[in-house]
Amino acid sequence: MNIFQDWPEPIVRVQSLSESNLGAIPNRYVKPLSQRPNITTHNKHNPHTTTIPIIDLGRLYTDDLTLQAKTLDEISKACREWGFFQVVNHGMSPQLMDQAKATWREFFHLPMELKNMHANSPKTYEGYGSRLGVEKGAILDWSDYYYLHYQPSSLKDYTKWPSLPLHCREILEDYCKEMVKLCEKLMKILSKNLGLQEDRLQNAFGGKEESGGCLRVNYYPKCPQPELTLGISPHSDPGGLTILLPDEQVAGLQVRGSDDAWITVEPAPHAFIVNIGDQIQMLSNSIYKSVEHRVIVSPANERLSLAFFYNPKGSVPIEPLKEIVTVDSPALYSSTTYDRYRQSIRTQGPRSKCHIDELKSPR
C-alpha cells in the first residue's frame, strides 16, 4: 500500500525547461561528480560502444533441433553474463512498433496544459510524471514519462490512459497485448533454461491472470549540459522482466559491463531490448542477473523509449525457488513481496543495486 499522497514539492516538467532555451541546467539536475557520465563513451568508435547479444527468436520455432538448442543456449548465456539481450523475429510487426513510438512522440508534443490533465501522483504513479522518488530536495533526472497499468484487469483504468492523439488508446491496447504475449514466451524460455518446468517462473509470479504488466514511456528532452546530468540514474529494474522499445535514432541506454565500464547500447533495427529484473534475479537465486543501467541525454536530440515491465503479483512471496536452492547453493535472498520491494524504491528513487543487496540473507 502506497503511503504517499502527493509530491513533496511543485513538479517542474523537464520538457518545459528544455524548451525555455536555458544555457545551464538548474542545480536540481546536476549529479554528484562520481555519477556524471563520460560523454565521450558515446562515440561510435569508442570500445565501450557495443552491441549486446542479438538473438533471433524465430529460430526457436523451426524444426531444426540443433538451432533451437543453440538459441536457448545464447539466451541462457546472455541472462547469466549480461542480464541484457536484444531480440529480433519476436512476433510484433514493425508497423505496430513504429506506430506506438510515433503516437507517444505526438503525445509529448501536445500543449503542456493537455498533458498536465494527466498529471500523476505518488499514489499509483499512473499518468504523466517527471520524478520517481518522493524524497524532498533529491537530485532529479532529466526526463519526463508516462506510466500506465495494463494488467491484471483489476488495475487497468482507461481513464488514466491519454485520450489524445486520436486512436492512441487502440494502438496502446494492441501494443501491450503483444508485449504480454512476448513476455509469456520469454518466461517459458527462462524457466526451461533453469532446468525447470516451463510454467514455473510464471507460477511464481502468481500465474498469467495475476501477473502485472505496465508501460512506462520515457521522454528525454534535449539538454544543454548532458555531461552534468542523466536521463535516468543508475538502477537495476525492480520488477521481473523488462522489454524496451528503444529510440533507434538516438542511443542513450548504457549498461554496466563486467569491468564496471558503462557501455552504450546500439539498438538493432526493430529489435526489442530485454533485461532481467530484480525479482527474477531473486527467484533464480542470482543465476540470472539484473544489471545496473542508466540513460545519458543528448544536447542535440530528444529521445523516446517504451519500457514494458512484466512483474509478479504484488502480494506473492518472492524468494529463491526451492528447486534451485541446494546445500552448495543456499538461498541468497530472504523472502519479500513485490509490493514491499517497490515501496522502498518509490520512497528513495533509483539507487544502483542497493535495494536488492539489502535483501541478501546473512551468511
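## Strands, cores and a few unusual bonds

Strand β3, residues 84-88, is mostly covered, with four of its five residues buried. Everything described here comes from a predicted model, so please read it with that in mind.

### β3 and its two neighbours

Let us start with the partners of β3. On one side of the account is strand β2 (residues 54-56), which runs parallel to β3 and is joined to it by three bridges. If you would like a residue to click on, Ile54 has Gln86 of β3 as its bridge partner. To get from β2 to β3 the chain passes through helix α2 (residues 65-81), and this β-α-β crossover is right-handed.

The other partner is strand β11 (residues 272-276), which runs antiparallel to β3 and shares four bridges with it. Here Phe84 stands opposite Asn275 in β11, while Phe85 has Val274 as its bridge partner.

β11 is itself mostly covered: five of its five residues are buried. Phe272, Val274 and Ile276 point one way from the strand, and Ile273 and Asn275 point the other way. β11 also pairs with strand β8, again antiparallel, through four bridges. In that pairing Thr242 stands opposite Asn275, the residue of β11 that also faces Phe84.

### Following the pairing to β13

From β8 (residues 241-245) the trail leads on to β13, with five bridges in the antiparallel sense. Thr242 appears again here, opposite Phe309 in β13. Strand β13 (residues 303-311) is also joined to β6 (residues 212-220), by nine antiparallel bridges. In that pairing, the bridge partner of Cys214 is Phe309.

How many of the residues of β13 are buried? The count is nine of its nine residues. Arg303, Ser305, Ala307, Phe309 and Asn311 point one way, Leu304, Leu306, Phe308 and Tyr310 point the other way, and all are buried.

The UniProt record, in an unreviewed entry, lists residues 210-312 as "domain: Fe2OG dioxygenase". Over residues 210-312 the model has 42% strand and 6% helix, and the end C-alpha atoms lie 8 Å apart.

### The nonpolar cores and helix α5

Nonpolar side chains tend to be buried together in soluble globular proteins. In this model the largest nonpolar core has 62 residues, and Trp104, Tyr175, Leu215 and Phe272 touch the most other members. Helix α5 gives the most to this core, with twelve residues. Another core lies apart from it, with 16 residues, among them Ile52, Val134, Leu253 and Phe309.

Trp104 is a friendly place to begin exploring. Leaving out residues up to four places away in sequence, Trp104 touches Tyr146, Leu148, Pro162, Leu172, Leu215, Val217, Leu304 and Leu306. Two of these contacts, Leu304 and Leu306, point the same way from β13.

Helix α5 spans residues 168-193, and its length can be checked with a simple sum. Its 26 residues, at 1.5 Å a residue, should span 38 Å, and the end C-alpha atoms are 37 Å apart, so the two values agree. Just after α5, Gly195 takes a positive phi of about 80°.

### Unusual backbone spots

Several backbone angles are worth a look on screen. The table gathers two cis peptide bonds and two positive phi angles in residues other than glycine.

| Site | Backbone feature | Value |
|---|---|---|
| Gln151 to Pro152 | cis peptide bond | omega near 0° |
| Leu164 to Pro165 | cis peptide bond | omega near -5° |
| Asn21 | positive phi | about 55° |
| His167 | positive phi | near 70° |

Where do these sites sit? Pro152 is in the loop between β5 (144-151) and α5. Pro165 is in the loop between β5 and α5, and His167 is placed in the loop between β5 and α5 as well. Asn21 belongs to the loop between α1 (14-19) and β1 (49-50).

Are Asn21 and His167 buried or exposed? The cut-off for exposed is over 50% relative accessible area. Asn21 has 68% relative accessibility, so it counts as exposed. His167 has 53%, and therefore also counts as exposed.

Conventions: Residues numbered from 1 in each chain as written. Heavy atoms only, no water. Buried < 20%, exposed > 50% of the residue type's maximum accessible area, 1.4 Å probe, protein only. Pairing = 2+ DSSP bridges. Right-handed = clockwise from strand over helix to strand, strands pointing away. Expected span 1.5 Å × (residues − 1). UniProt positions renumbered as here; feature names shortened; annotations may be inferred. Core = buried A, V, L, I, M, F, W, Y, C linked by side-chain atoms within 4.5 Å. Contact = heavy atoms within 4.5 Å.
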